[in-house]
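Below is a short note on one model, set out in numbered points. Please read it with the structure open.

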Amino acid sequence: MKPSPWAAVLAGAAVGLATVTGCSAAHKRPEPPGTTPYAATRATVSPAQNAAGATPGGCPTTASLPLPKDFPENLPVPDGAVVTSVEHRTGGRLVVATVVRGGFDTTLALLHRELPKAGYLPEEGEVEEDDAESDFSSTTVRGRWTLRKMPDCEGGVYLTYLTSAVS
């Protein structure tokens, strides 16, 4: 049986499309524009230390990274929080990701209690069963925190801060 001319055209188009789009089995997500990992911008932290290690279950197993010098001094961070990554982004934004082992409700209560005590006004927040988030501001800092339960780390929650100086 002779192949149909349409089959040859479709096969040629598929090969051409794969060649043009650079189709490959190994897709690597590029860094978002303007994102600079903390370790790449600071001599005090090597690239290997940019993120704290974790067990296959998701709980951190290495020592916490230090909070960066430009993290707001009075911004409440729960005791025992493990800083897992730090990024400096465009526009003077700072992202600090942590893991807290105190549980979702306890960490949420701490944020609701301690942020206002430290002079931060909560804005436009919401709480759901497994996650919560809120904007906050002070006279010098604007930011947002997010809180998410960790499915594979007993009592663990991801707590991430995004901050920038008020200009």
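1. Accessibility is sorted into three classes: buried means under 20% relative accessible area, exposed means over 50%, and partly exposed lies in between (1.4 Å probe, protein chains only). On that scale E114 counts as partly exposed, because its relative accessibility is 23%.

2. This is a predicted model, in which local features need pLDDT of at least 70 and side-chain atom pairs count only at pLDDT 80 or more, while totals for chains, interfaces and linings use all residues. Residues are numbered from 1 along each chain as its sequence is written, and side-chain values use heavy atoms, with hydrogens and water left out.

3. A salt bridge is taken as a side-chain nitrogen of Lys or Arg within 4 Å of a carboxyl oxygen of Asp or Glu. The count by this rule is six salt bridges. One of them pairs D135 with R144, with 2.5 Å between the closest N and O atoms. D135 is buried, at 18% relative accessible area, whereas R144 is partly exposed at 27%. Elsewhere, R113, E114 and K117 are joined into one network by salt bridges that share partners.

4. Within that network, R113 and E114 form a salt bridge whose closest N and O atoms are 3.0 Å apart. R113 is partly exposed, with a relative accessible area of 42%.

5. K149 and D130 form another salt bridge, at 3.5 Å between the closest N and O atoms. This pair links distant parts of the chain, 19 residues apart: K149 is in strand β6 (residues 141–149) and D130 in the loop between β4 (121–127) and β5. Helices (H or I, at least four residues) and strands (E, at least two) are DSSP runs, numbered from the N terminus. Both partners are partly exposed, K149 at 38% and D130 at 39%.

6. D135 is found in strand β5 (residues 131–137). Leaving aside neighbours within four places in sequence, D135 is in contact (heavy atoms within 4.5 Å) with L121, P122, E123, E124, G143 and R144.

7. What lines the largest cavity? L111, H112, L115, P116, P122, S134 and W145 do. Helix α3 (residues 104–117) gives the largest share of this lining, four residues. A lining residue has an atom within 4 Å of a point of the cavity, which is a set of points on a 1 Å grid over the protein atoms alone where a 1.4 Å probe fits but cannot get out.

Notes
On a 1 Å grid over the protein atoms alone, a cavity is a set of points where a 1.4 Å probe fits but cannot get out, and a pocket is an open set with protein on both sides within 12 Å along at least five of seven lines; lining residues have an atom within 4 Å of a point.
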